[in-house]
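Dear colleague,

Please find the structure below, with its sequence. I would ask you to keep it open while you read the notes that follow it.

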Amino acid sequence: MNRTLMSLVAVVAAIGAITGAAALRPADGEAAALPTEPRPVERSTLACPRPTAAESATTWYTAYTPPLPGESAPDVPDGEAEEQQESLAALVPAPEYAPGTEEDAGETEESEESEEPDPVLPLAAPGIPVTGRVTGPDHPALTGTAEEALAPGWTVQQTTRTEGDSGDALLGTACQAPDTDFWFAGASTSAARHDYVHLTNPDPAATVVDIELYGPEGAVESEAGQNIAVPGGSSVPVRLATLTAEEIPALAVHVTARSGRIGAQIEAVDTAGGADWLPPSAAPDGALVLPGIPAGARSVRLFAFTPGDADVVLDVGLAGGGGTITPAGHETVDVTAGAVTAVDLGGLTQDEPGSLVLTRAAGTGTGPVFAALQVIMGGDDEDAPPETAFIPVTAPVGHRATATGNTASGTLLALTAPEGAVDVSVTVSAGTDGGEPVTEQYTVDGTTTFALAPELPDGTEAPYSLTVETDGGPLHAARILTMGGGDAPLVTVQTLPDDRSTVAVPGTEQDLSILTD
């Protein structure tokens with residue numbers, strides 16, 4: 001009898017290991033949930049959008065996986081690096097596909113046969129970043145996977161610098177984990193804007209995607225945004241202006257995959273000057289934090305949207321080095337349900353970076369709120385053309401987050417603790433050409449933004465990676481990256497949500513005496 005029951009327990013435990021949760025039900029009918037513990041993930045997938053098509057573009061990619069706690073970056077002899085790089089973590093091209101019907105996607109996938117593409121940015125080991133560069137406009141999106149020790153926290157940064165008659169621009173984004181549902185705030189179909197939604201399918205099977213638009217007057221009718229085919233292993237750029245004939249200065253964009261999963265990001269280009277990637281917005285239950293507004297911003301514009309049935313009133317705070325203040329004249333923001341709200345907040349930051357913190361007013365709606373900031377730098381004269389950066393609402397760091405592709409003199413980390421003080425460790429990795437990692441401890445005071453310009457240790461050359469770890473919270477983080485000198489440096493900002501390096505699984509030491517009597 002005991003052997004039979006123990007076999008049953010083994011089956012239940014095996015099912016729990018696969019699904020991530022398990023429960024044993026005693027004879028009295030009360031469920032006893034098994035405690036869980038975090039384990040490193042064994043596989044991670046990322047999708048990188050196609051770089052901007054500007055003729056003058058130069059795009060840098062940097063890939064990195066931080067070592068697990070208690071581990072260090074191993075030494076990889078030069079002769080062994082290439083062999084180790086073949087299968088553990090790498091990206092492959094996802095060629096562009098012209099949008100068609102769902103049937104077209106299936107036919108294309110079945111009829112096209114191609115050789116296996118060469119891997120891009122293969123990693124040799126955790127703790128050792130790798131980098132690559134391409135120039136010109138004709139480069140595809142990328143997708144890929146990391147496995148085993150290279151999977152937990154695998155991060156890839158894509159940074160593009162362009163030059164043109166209307167001014168230079170810096171576009172940066174972290175390649176994203178694919179998903180099925182995305183909300184964006186701050187897109188536009190105005191005459192000066194050329195905004196594209198880049199859809200990237202990392203999986204072999206085709207999927208179909210729907211794009212919904214919402215403006216200041218509510219939903220925007222658009223049959224062209226439905227039934228967009230994205231074959232497996234390909235990408236589809238969709239210009240928002242092709243989905244509606246209206247010129248709408250402020251849009252919320254909802255992207256959903258009917259099956260499978262995709263990566264989705266918006267490339268926002270302003271012909272008056274400036275361009276950057278607009279990532280999707282998070283919608284946490286607590287405060288909405290938009291971290292990393294650069295110092296000296298000339299203009300900051302907030303876009304907010306709630307798809308619920310009830311309006312939401314948000315209290316506005318600006319968290320700086322000395323605490324959180326309420327911007328004069330912008331104490332609250334009223335977000336009308338189903339319509340985009342756009343608010344010009346002025347310069348906001350002066351001599352130090354800050355973070356916008358939005359909290360729900362008492363008695364207001366409880367539906368999700370998606371929001372982003374458009375930050376304009378420069379543009380005061382002909383020698384300082386405007387530059388654009390976007391900052392979406394970001395989820396907390398959780399336990400660990402990483403920003404890679406950092407430069408030696410143009411990197412600033414903005415850490416915001418919207419509630420109480422948080423102890424943080426920040427690790428500067430080895431560079432792509434060598435060096436040793438260095439970890440420093442900091443305390444971010446409650447309701448403040450702590451700005452940190454990392455110092456590279458001797459022997460470390462950029463690009464390098466920054467890993468933020470904390471057991472407290474909540475903590476929100478962003479990396480401000482600048483290029484160029486003078487009074488008008490180019491700027492891009494990437495937020496640092498949790499790197500999802502672990503997954504909760506049932507604990508291994510359970511009391512099974514209830515079944516072995």
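The notes below cover one sheet and then the largest pocket.

This is a predicted model, in which local features need pLDDT of at least 70 and side-chain atom pairs count only at pLDDT 80 or more, while totals for chains, interfaces and linings use all residues. Residues are numbered from 1 along each chain as its sequence is written, and side-chain values use heavy atoms, with hydrogens and water left out.

The sheet is open and has four strands (DSSP runs of E, at least two residues, numbered from the N terminus). Their order is 25-21-27-28, and the pairing is antiparallel; two strands pair if DSSP finds at least two bridges between them. Strand 25 (341-344) and strand 28 (387-392) form the edges, each pairing on one side only. Strand 21 (residues 299-305) is joined to strand 25 by four bridges in the antiparallel sense. Within this pair, A304 has T341 of strand 25 as its bridge partner.

The largest pocket (an open set of points on a 1 Å grid over the protein atoms alone, with protein on both sides within 12 Å along at least five of seven lines) holds about 1200 Å³ of space. That volume is the space filled by probe spheres (1.4 Å probe) set on the points, which are joined across faces, edges and corners. The pocket is lined by 45 residues, where lining means having an atom within 4 Å of a point. Closest to the centre are Q176, A177, P497, D498 and R500. Strand 4 gives the largest share of the lining, four residues.

Yours sincerely
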